[in-house]
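Student: Could you zoom in on a single part of this model for me? Which part has the highest confidence, and what does a close look show there?

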Amino acid sequence: MNDSLKQKTSHKTTWLVPFACLLAGGALTGISTNVAKYAIDVGLTPLGFLF
């Protein structure tokens, strides 16, 4: 009985990790354009600054 409860709990939270990765990837993609614009203002190349 304990195993079935553990499986139900893991199925409910399985979507959380991919969703967090999706949000983090989107946030980093959105932030990278602003960082590249800041690099141009400072006088660096955007690609080098993002690395």
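Tutor: pLDDT is the predictor's own confidence in each residue, from 0 to 100. On that scale, helix α2 comes out highest in this predicted chain, at a mean of 91, whereas helix α1 (residues 2–13) is lowest, at a mean of 62. The chain as a whole has a mean of 81, with 78% of its residues at 70 or more. So α2 it is, where a helix is a DSSP run of H or I, at least four residues, numbered from the N terminus. Quick housekeeping: residues count from 1 along each chain as its sequence is written, and side-chain values use heavy atoms, without hydrogens or water. Since the model is predicted, local features need pLDDT of at least 70 and side-chain atom pairs 80 or more, while totals for chains, interfaces and linings use all residues.

The chain runs α-α-α from the N terminus on, with three helices and zero strands. Helix α2 takes in residues 16–42, which makes 27 residues. From its first C-alpha to its last, α2 reaches 38 Å, close to the expected 39 Å (1.5 Å times one less than the number of residues). Right after α2 comes G43, with a positive phi of about 110°.

Back inside α2, have a look at L16. Buried or exposed? L16 is partly exposed, because its relative accessible area is 45%, between buried (under 20%) and exposed (over 50%), with a 1.4 Å probe and protein chains only. Across the 51 residues of the chain, 4% count as buried.

Note on methods:
Helices (H or I, at least four residues) and strands (E, at least two) are DSSP runs, numbered from the N terminus.
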